[in-house]
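The following exercises concern strand pairing and the surroundings of one charged residue. Please study the sequence and the structure before reading each solution.

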Amino acid sequence: MSGAGATSGAAWRRLKRGRAWGYHAGMRQRIFQTVVIGMVAGFLAGAVGAAAPERSLRPELRPTALAAAPVVQIMAAAQPSPDAAGLARSLRPVQRPAGLTAGGGQIVQVPSAAALIRAAKLGGHVAFAVADAKSGLMLESNEADLAQPPASVTKSVTALYALDALGPDYRFVTRLIATGPVQGGVLNGDLVLAGGGDPTLDTDDLGEMAQQLKAAGVQRVAGQFLVWGGALPYFRQIDPSQPDHVGYNPAISGLGLNYNRVHFEWKRGGDGWITTMDARGRKYRPEVQMARVEIKDRSLPVYTYKEVNGQDRWTVASKALGKGGARWLPVRQPAIYAGEVFRSLARAQGISMKAPRKSKAVPHGDVLVRHRSRDLRSVLRLMLKYSNNYTAELVGLTATLKRGGNATSLRSSAAVMNRWAAAHFGMSRASLVDHSGLEPTSRLTAQGMATALVKAHKAGVLQPILKHVAMRHKNGKENRGHPIKVFAKTGTLNFVSNLAGYIVAKDGTELAFAIFSANEGKRAHIPKADRESPHGARGWNIQAKRLQQRLIERWGALYGG
């Protein structure tokens, strides 16, 4: 295929079982009896809808018969890893037979990667690299050195970076600090809610802290109630190019709550609308005043935002509301948000205090209450599962500060991560500008990502926390009996769809792979107001996800027998 290379079948067989391929009919039937999975006509179908950048799609099969697909040419590996260089030099091109015998004597075709890419009609570029996860031998690639927007695949790099800097058992700590003594139920001093960069702190956690403060004997705070988020730098949003109202692009701070989002709900009431803004958790649902919304009689724009006296003020177009609904809006004043919610929860415990004020000074005093997050490994598993941008930025910034690096901006912190990735994983061309992948000017190569995945596989730190990505039937439902298992990180932006991780074939063979698809020409023409759901992006992403699954099934057939 054009711009692609594949390892010799003979060498691959020697690598796996220490003996060469046999191509007589009986041997071919035994080898390929069950490994050519999902290539039969009518099986390749299914679709899922596109989602916001923080929710990535999973690979789907496309409903196109492949009986006439080109014969696969298996060539020597392009750019093999150093530990497989000697083996790669001995490889010779081999021609795999066009018709492979599957179970029951059925003849099926293994399509070339080039044919699959042409059939997807994505435009732009499709770059991929797939390697043996244990040896590092590069098996097949296409435009693997092309730098593409990695989107949320970036979070896999961030996870490795944070684990290396902080350790898997690291916990974020949020504190309640008293600057004076507690006497007769009165705290004679200030109370400080001090954030420790916990990306998972939620309303229920603050409710528990309020209960513990009561148990510590506090009934009233005589001094000020201060909030401190200076453990991490403050950034108004992750990516300024995103629409103001998208919940996946909140402010960043050392003290935040509910992923720095506030819940906006509306419904018809009399001649107008009834609206609420609250910080809902599983147990508590305190309303907030620092974020307000006003319904305006208009069609567009749907949302507007401005800061007024340190508070978030939203307007929303009435003609876009329908009969009712709800969504999470980003918070731009996170420390005040957390402080207001804590004050409400403390009041419910009978504790009185003044309205929260920001503190610039590092708090000193007696720690009355500590809240510890889950261990970092668990936090990262959730981050990778739900692709949360806020979590990625906080753990990335924390790791950079732990290393003594420059974290005055997301770009400077990501630059520290880039240097670390080059030194530890050979990702010399990594050019990430944040830790989440939301900012579209970040770049990675499929070759670099696949190489990093091989090295991470040897360390055993990433695959156990990656999400299982389902293979699917033609109706879109998960195929739980599919012999190929995929553990990977998705990455989705408008007209960008990526997948990188590990394939476990039926026989236990493990492959590391990265697929980066992007049509930056289409992406460049999207107006800012349409970036949440631009015309044509959903259909493009469906095609890209189908291509991902077809490539995975190809590799499972060729290298997992």
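Two strands are taken to pair if DSSP finds at least two bridges between them. The model used here is predicted.

**Exercise 1.** Determine which residue of β11 is the bridge partner of Gln183, and state how β10 and β11 pair.

*Solution.* Step 1: the bridge partner of Gln183 in β11 is Val186. Step 2: strand β11 comprises residues 186-187, and β10 pairs with β11 in the antiparallel sense over two bridges. Step 3: the open sheet to which they belong has three strands in the order β10-β11-β13, with mixed pairing. Step 4: β10 (182-183) and β13 (220-221) are at the edges with a single partner strand each, so one side of each has no neighbour in the sheet.

**Exercise 2.** Describe the open sheet with the order β16-β15-β20.

*Solution.* Step 1: this sheet has three strands, and the pairing is antiparallel. Step 2: β16 (272-278) and β20 (324-330) are the edge strands, each pairing on one side only. Step 3: from one strand to the next, the twist averages 20°. Step 4: β15 (residues 261-269) pairs with β20 over seven bridges, and Lys267 stands opposite Gly324 in β20.

**Exercise 3.** Establish whether Arg523 is buried or exposed, and what surrounds Arg523.

*Solution.* Step 1: Arg523 lies in helix α12 (residues 520-524) and is buried. Step 2: a salt bridge requires the charged atoms to be within 4 Å. The nearest side chain of opposite charge, Asp239, is 5.8 Å away, and Arg523 has no salt bridge. Step 3: a polar atom of the Arg523 side chain lies 3.0 Å from the backbone oxygen of Asn494. Step 4: beyond its neighbours within four places in sequence, Arg523 is in contact with Pro440, Leu493, Asn494, Phe495 and Val496.

Conventions
Residues numbered from 1 in each chain as written. Predicted model: local features only at pLDDT ≥ 70, side-chain atom pairs only at ≥ 80, totals over all residues. Heavy atoms only, no water. Helix = DSSP H or I, 4+ residues; strand = E, 2+ residues; numbered from the N terminus. Axes fitted to C-alpha atoms, helices over the stretch in contact; angles between N-to-C directions. Buried < 20%, exposed > 50% of the residue type's maximum accessible area, 1.4 Å probe, protein only. Lys, Arg positive; Asp, Glu negative; His and termini not counted. Polar contact = N/O pair within 3.5 Å; in protein donor to acceptor, adjacent residues only side chain to side chain. Contact = heavy atoms within 4.5 Å.
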